[in-house]
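Please open the model in your viewer and keep the sequence at hand. The tour below proceeds from one selection to the next and states what is to be found at each stop.

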Amino acid sequence: MTTPDPYSRDVIALAASIPHLKRLEAPQASVRKVSRLCGSEVTLDMNLAGGRVSEVGWDVSACALGQASASILGCVIIGADRARLADGLETLNALLKGVPVPEDSAFAALRALAPAAGYPARHGSIRLAFEAALEAFDRAAAATG
């Protein structure tokens with residue numbers, strides 16, 4: 001059985017349309033994550049207000065799959081609380097193990113990455129944006145008390 005190609009038109013379109021591609025001037029938190037396996041890199045800046053993401057900016061230097069993941073997160077990150085971000089990472093981790101994304105998920109767009117489940121060497125890159133967002137959220141929350 002052949003593993004499906006993870007670089008679909010949907011993935012390429014997502015990779016080409018990452019929102020918030022500008023670093024913040026004075027972030028409450030900034031996190032840099034690098035995939036040791038492939039060298040993909042995400043640097044994410046974040047500000048919070050009222051326990052929710054109010055501003056985000058980032059630099060994404062990753063493969064199309066990592067870029068697509070960042071794009072998906074970027075579309076839902078503003079207004080997210082920590083639980084929403086953690087749910088996104090849990091949903092992504094399940095997807096990479098072959099578990100379908102629920103129809104009603106805020107992260108339904110992750111379905112475009114389902115074929116990548118068969119490519120474990122790419123999983124680190126795909127997780128970077130979500131892992132950076134959670135770490136940035138925690139740092140920003142600590143910085144703001």
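Begin by selecting Cys38, which touches Arg122 and Ser125 when residues up to four places away in sequence are not counted; contact here means heavy atoms within 4.5 Å. The model is a predicted one, in which local features need pLDDT of at least 70 and side-chain atom pairs count only at pLDDT 80 or more, while totals for chains, interfaces and linings use all residues. Residues are numbered from 1 along each chain as its sequence is written, and side-chain values use heavy atoms, with hydrogens and water left out.

Cys38 lies in the loop between β1 (29-34) and β2 (41-49); helices (H or I, at least four residues) and strands (E, at least two) are DSSP runs, numbered from the N terminus. With 30% relative accessibility, Cys38 counts as partly exposed, a class between buried (under 20% relative accessible area) and exposed (over 50%), computed with a 1.4 Å probe on protein chains only. Now add Val56, 18 residues from Cys38 along the chain: the two C-alpha atoms are separated by 25 Å.

Next, select His20, in the loop between α1 (9-15) and β1. Its phi is near 70°, a positive value in a residue other than glycine. His20 is partly exposed, at a relative accessible area of 29%.

Move on to helix α2 (residues 64-74), which is mostly covered, with 10 of its 11 residues buried. Among these buried residues are Ala64, Ala68, Ser71 and Ile72. The buried residues of α2 pack against α1, β3 (52-61), α3 and α4.

Display α2 together with α4. Two packed helices are described by the angle between their axes and the distance between the axes. For α2 and α4 the angle is about 35° and the axes are 6 Å apart; axes are lines fitted to C-alpha atoms, for helices over the stretch in contact, and angles run from 0 to 180 degrees between N-to-C directions. The crossing of α2 past α4 is right-handed, the near helix being turned clockwise from the far one by less than a right angle, whereas anticlockwise would be left-handed. Leu65, Gly66, Ser69, Ala70 and Leu73 of α2 make the contact with Ser125, Ile126, Ala129, Phe130 and Ala133 of α4. By class, this contact of α2 with α4 has 7 nonpolar, 3 polar and no charged residues; Ala, Val, Leu, Ile, Met, Phe, Trp, Tyr, Cys and Pro count as nonpolar, Asp, Glu, Lys and Arg as charged, and the others, Gly among them, as polar.

Keep α4 (residues 123-144) and replace α2 by α3: the axes of α3 and α4 come within 10 Å and cross at roughly 160°. The two helices are therefore roughly antiparallel, a label for angles over 145 degrees. Here α3 passes α4 in a left-handed crossing. The residues in contact include Leu85, Leu89 and Leu92 of α3 and Phe130, Leu134 and Phe137 of α4. By class, the contact of α3 with α4 has 9 nonpolar, 2 polar and 4 charged residues.

Within α3 (residues 82-95), select Thr91. Thr91 counts as buried, at 11% relative accessibility. Its side chain reaches the backbone oxygen of Asp87 at 2.8 Å. Neighbours within four places in sequence aside, Thr91 is in contact with Val101, Ser105, Phe107 and Leu110.

Finish at His123 in helix α4. Is His123 buried or exposed? It is buried, with a relative accessible area of 9%. The side chain of His123 reaches the backbone oxygen of Ala116 at 3.0 Å.

How values were computed. A polar contact is a pair of N or O atoms within 3.5 Å; within protein, one must be able to donate a hydrogen and the other to accept it, and residues adjacent in sequence count only if both atoms are side-chain atoms. Angles under 35 degrees count as roughly parallel, over 145 as roughly antiparallel, 65 to 115 as roughly perpendicular and the rest as oblique.
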